[in-house]
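Open the model in your viewer and keep the sequence panel beside it. The tour below goes from one selection to the next and says what is there.

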Amino acid sequence: MIGGIRHSTFGVRVMVASIAAVLASCRTAPNASEEAARWTLRAVEVDTAPHAMIASNDSLATMAGIEVLRRGGNAVDAAVAVGFALAVTYPEAGNIGGGGFMLVRLADGRTAALDFREVAPLGATRDMYLDSTGAPTKASVTGHLAVGVPGTVAGLTAALERYGSKSLAEVMAPAIRLARDGLVVDSALARSVAGDAARIARFEGGARFVPGGVPLPRGARFAQPELAWTLAQIAERGAAGFYRGTVADSLVAEMRRGGGLITHADLERYAPVWREPLRGTYRGYTLLTMPPISSGGVALLETLNILEAMGPLPSFRSVAETHRLTEALRRAFLDRNSELGDPAFMTNPVERLTSKAYAQSLASRISPTQATPTLTLASTPREGTQTTHFSVADSAGNVVAVTYTLNELYGSGVWVRGAGFFLNDEMDDFTAAPGKPNLFGLVQGEANAIAPGKRMLSSMTPAIVLDSAGAPWLVLGSRGGPRIITSVIEVVSNVIDHRMSLAEAMAAPRVHHQALPDSLRYEAGGLAPAVVDSLRAMGHAIGVAPWKPGGYVGRVHAIMKTPAGWVGVVDPRTSGEAEGY
Ligand code: DON
């Protein structure tokens, strides 16, 4: 039942141990004491249940999904309920003003991948974020020009229409109730709003989230009447309630007020795309994941294929294991950054990049003793926070993985006056200028250049792992920009290669490499000092991951089938709840 009280990271259900090591990385430059820090992050309490399980970034949203399941809804019904509820309870990333991806695997074996990624407005131009000297501006990150045409409402409603069993009004009821009646602000929401108060207050959302200049305090009851109204429009009229009519009018008026590009024509032509999930294998397990326009699936499979080609993995966070992972990531990210783009605009070399033969040829050129500088890998010069993931399993054997986002925390900061929701800053995921880093430091190429109506490349990696008998075993995904890819790879590798429980796999220290910048980052305390020294001696530019809003490593929400039933785990680095029955 939804009581309107969000549980925070340190709330009732979560028995997290210390995050001292993570907090120790709040500074950007590594120093001796950080490198000597001990890894103290421990697995959170896991929820285990015989029939069904949901793990999401917010307890009220998880309970919205459980409510729908208990009323006889299936995993897709529940996922749609969670998606709309997060737009109310987790406004930093849950959204109706952003976009994302849904992966479905039904009990009868059918699979589907739904792309509801934002698209560039028709008025977008290739160089729209360059100043007169050719340097990228901040307009792709904050403000009206940063906004891509939102896809979430079209995506969630399309998923429900194809695979759901309940009406939109039924699955949206918890979200509408939470927006209308309000929720009690918990410490996680209060911290999040306070952290972005200045940015939020620059736009129309300031009146709701930072009233009178004071960020929403913990314990306050927080209602969102404009959002409740907008959600009711959608519940009544489906996607048309968002893309046409009064909500669309408000969105377009908001764009006009701030010099944004989205018009009624952009909203009316938006359509989600059903795609074939990417399928690969790793050491006897089958992986289903997202094809382009997410790069996540390709990079996940390419990296795992390279690791597999190098044989059994050495022990966790040894020099050899960390080196192999880094070198595999470097190669997969180099391809990800330069070769992928919107399939409506180009042909992606997905088959080649995800083939075992290609991985074998890359693996054979990895030195066991030396790092390969990224720039030496390119045969021709290469040009070149906030997301949330939830995983759902129902009692009939259907599973769903959804990652969706506004990009940065609270997206572009722009909030639609009268309609009550934040808009994304997804345009920053395009290549603003080949060879120049974006918000996440990704150095991308021509394939991902801006064009009207084009989808921007994503790193979101919803994934479903099937066991050797072909049954759903692990459902996961993450937030964290490019760190999504690494975090998903590491959790998969931790449970398969290192035989960790899901809770251990999620709490284990992570590393990250994304080809450029050519630097291997690790969570403070996550590598033994002697391992750091050895990796440095092999030529790795290595340092402690800087702590940033959005997190330098990902935040995973995963569920796993065990003999005891479904186990759900929330990343101990973030808030949320896993609940089942
Ligand atoms: O689609 C992407 O790859 C990014 N927009 C995701 C952003 C993200 O994960 C931010 N969260 N921390």
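The stops run from the whole chain to strands, a cavity, and then single residues.

**Before you start**

This is a predicted model, in which local features need pLDDT of at least 70 and side-chain atom pairs count only at pLDDT 80 or more, while totals for chains, interfaces and linings use all residues. Residues are numbered from 1 along each chain as its sequence is written, and side-chain values use heavy atoms, with hydrogens and water left out.

**Stop 1: the whole chain**

Select the protein chain and show it as a cartoon. Its secondary structure comes to 21 helices and 20 strands. Helices (H or I, at least four residues) and strands (E, at least two) are DSSP runs, numbered from the N terminus.

Along the principal axes, the C-alpha atoms fill a box of roughly 60 × 60 × 45 Å. The radius of gyration of the chain is 22 Å, which agrees with the value near 25 Å for a compact globule of 581 residues. That radius is taken over C-alpha atoms, and the globule rule is 2.2 Å times the number of residues to the power 0.38.

Now switch to a surface. The chain exposes about 18500 Å², and carbon and sulfur atoms supply 55% of this area. Accessible areas come from the Shrake-Rupley method with a 1.4 Å probe; for residues, only the protein chains shown count as cover. Of the 581 residues, 66% are buried. Buried means under 20% relative accessible area, exposed over 50%, and partly exposed in between (1.4 Å probe, protein chains only).

**Stop 2: strand β10 and its partners**

Select residues 386-393, which form strand β10; eight of its eight residues are buried. In a regular strand the side chains alternate between the two faces of the sheet. Show the side chains of β10: Q386, T388, F390 and V392 lie on one side, T387, H389, S391 and A393 on the other, and all are buried.

Add residues 53-56, strand β2, which pairs with β10 in the antiparallel sense over three bridges. Two strands pair if DSSP finds at least two bridges between them. One bridge to find here is that of M53 with A393 in β10.

Then add β11 (399-407). Eight bridges join β10 to β11, and the two run antiparallel. S391 has A401 in β11 as its bridge partner. Five residues lie between the strands of this hairpin, where G397 takes a positive phi near 100°.

**Stop 3: the largest cavity**

Which residues lie nearest the centre of the largest cavity? Select N407, D429, F440, S459 and G481; the lining has 18 residues. On a 1 Å grid over the protein atoms alone, a cavity is a set of points where a 1.4 Å probe fits but cannot get out, and lining residues have an atom within 4 Å of a point.

The space inside is about 120 Å³. Grid points are joined across faces, edges and corners, and a volume is the space filled by probe spheres set on the points. The lining divides into six nonpolar, eight polar and four charged residues. Ala, Val, Leu, Ile, Met, Phe, Trp, Tyr, Cys and Pro count as nonpolar, Asp, Glu, Lys and Arg as charged, and the others, Gly among them, as polar.

β11 and α19 (482-496) each supply at least two lining residues. While on helix α19, pick I489. I489 is buried, with a relative accessible area of 0%. Its C-alpha atom is separated by 10.0 Å from that of A463, 26 residues apart along the chain.

**Stop 4: a three-stranded sheet**

Three strands form an open sheet in the order β15-β16-β17, with mixed pairing. The edge strands, β15 (511-512) and β17 (542-544), each pair on one side only. Strand β16 (residues 520-522) runs parallel to β17, joined by three bridges, and R521 has G543 in β17 as its bridge partner.

In the loop between β15 and β16, select P517. The peptide bond that joins L516 and P517 is cis, with omega about -5°.

**Stop 5: two arginines with positive phi**

Most residues other than glycine have a negative phi, and most peptide bonds are trans. R283, in the loop between β8 (278-282) and β9 (285-289), has a positive phi near 50°. R283 is partly exposed, at 26% relative accessible area.

R499 sits in the loop between α19 and α20 (502-507), with a positive phi near 55°. At 64% relative accessibility, R499 counts as exposed.

Technical notes: 1 Å grid on protein atoms, 1.4 Å probe; cavity = no way out; pocket = protein on both sides within 12 Å on 5 of 7 lines; lining within 4 Å.
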